[in-house]
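Trainee: I would like to take a close look at one part of a structure and then see how that part fits with the rest. Could you walk me through it slowly, once we both have it in view?

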Amino acid sequence: MKYILDRSYADKLLEWAYEQNPGPWYEHSLNVAKASQRIVIELVNKGYQLDINLAYNAALLHDIGRYKGFTKSVIHSYDGYQYMKNLGYMGNAIICVTHSFPCKNEHIEIAAEWSLVPEYMKKELVEILNEHSDYDLYNKVITLCDALADAEGFTTLERRLVSVGLRHGTNKHTSLHWKGFYGIKYELETLLGKSIYTFLPEVEKSLYTNI
């Protein structure tokens, strides 16, 4: 599966997308990439065969579907998938989708405002998730880091989830979505042998800022 390995090319794509739709998602993307790089470096040090540039670029472009403007629910994931697919980078395209689904292909319907997603998008998103339900380390790291970084920097999982919930709302199934993130966090911390927060400098500062 093809991924973008050239950082300068990934940077140009992000800058282009930001020009189409300026917003805090840009800084968020930069911070997700930084967090992902830090964790992948530690995994490499533990002996896992991972490409640091691949991880950084995939994290940097995970929200590139935002170039189309503000969209509710996971529509930006679909837009990002189509954009990266058309460029020929299927690995990046898939991560544009998987980062929005911490439960993989389970409980897909609990995604934020899933009812707002057009039926043809739902159909393709479900097909993608069913085909790629066995998340590799790249998918897991980036999915978790998406929930550990905002536009201001690194943050705790709890703070990020509450922030998203306040902005987009919650429902009776939200806890299942949250458990997906905690499952990935536990798995990665088991591999790393320590808390994920030890790799995120100044994460504690987020505790003293307003959501």
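Trainee: Is Cys145 buried or exposed, and what is its relative accessible area?

Mentor: Please keep in mind throughout that this is a predicted model. Cys145 is buried, and its relative accessible area is 0%. With a cysteine, a natural next step is to look for a partner. A disulfide is a covalent bond between the sulfur atoms of two cysteines. The cysteine sulfur closest to that of Cys145 belongs to Cys96 and lies 16 Å away, and because a disulfide needs the two sulfur atoms within 2.5 Å, this is too far for a bond. Cys103 can be treated in the same careful way: this residue is buried as well, at a relative accessible area of 13%, and the cysteine sulfur closest to its own is the one in Cys145, at 17 Å, which is again too far for a bond. The count of disulfides by this rule is 0.

Cys96, which has just been named as the closest partner for Cys145, leads us on to the nonpolar core, since Cys96 is one of the residues touched by Leu61. Leaving aside residues up to four places away in sequence, Leu61 also touches Ile4, Ala10, Leu13, Leu14 and Met84. The largest nonpolar core has 66 residues, and the members that touch the most other members are Ile39, Leu61, Ile64, Met84, Phe101 and Trp114. The biggest contribution to this core comes from helix α2, residues 25-45, which supplies 8 residues.

Now step back to the whole chain. Its secondary structure consists of 9 helices and 0 strands, and reading along the sequence gives the pattern α-α-α-α-α-α-α-α-α. The radius of gyration is 16 Å, close to the 17 Å that the globule rule gives for 211 residues, so the chain is as compact as a globular protein of that length. The C-alpha trace spans about 40 × 40 × 35 Å along its principal axes, and 54% of the 211 residues are buried. If you take the contacts between residues at least 6 apart in sequence, 73% of them join residues at least 24 apart. As for the surface, the chain exposes about 10,200 Å², of which carbon and sulfur atoms supply 52%.

The aromatic rings offer another way to see which parts of the chain meet, and a search of the whole structure finds 8 aromatic pairs. One of them joins Trp16 and Tyr67, whose ring centres are 5.1 Å apart and whose planes make an angle of 40 degrees, a tilted arrangement. This pair links distant parts of the chain, for Trp16 sits in helix α1 (residues 7-20) while Tyr67 lies in the loop between α3 (52-60) and α4 (75-87), 51 residues apart. Trp16 counts as partly exposed, at 31% relative accessibility. Another pair is made by Tyr78 and Tyr120, with centres 5.9 Å apart and planes at 85 degrees, so this pair is edge-to-face. Here too distant parts are linked, with Tyr78 in helix α4 and Tyr120 in helix α6 (residues 119-131), 42 residues apart. Within this pair, Tyr78 is buried at a relative accessible area of 9%, whereas Tyr120 counts as exposed at 52% relative accessibility. Finally, Trp16 and Tyr67 come together with Tyr83 in one aromatic cluster.

Definitions and conventions: Residues numbered from 1 in each chain as written. Predicted model: local features only at pLDDT ≥ 70, side-chain atom pairs only at ≥ 80, totals over all residues. Heavy atoms only, no water. Core = buried A, V, L, I, M, F, W, Y, C linked by side-chain atoms within 4.5 Å. Buried < 20%, exposed > 50% of the residue type's maximum accessible area, 1.4 Å probe, protein only. Helix = DSSP H or I, 4+ residues; strand = E, 2+ residues; numbered from the N terminus. Contact = heavy atoms within 4.5 Å. Rg over C-alpha atoms; globule rule 2.2 N^0.38 Å. Areas by Shrake-Rupley, 256 points an atom, 1.4 Å probe, with all protein chains shown as cover. Phe/Tyr/Trp six-rings, centres within 6.5 Å; stacked < 30°, edge-to-face > 60°.
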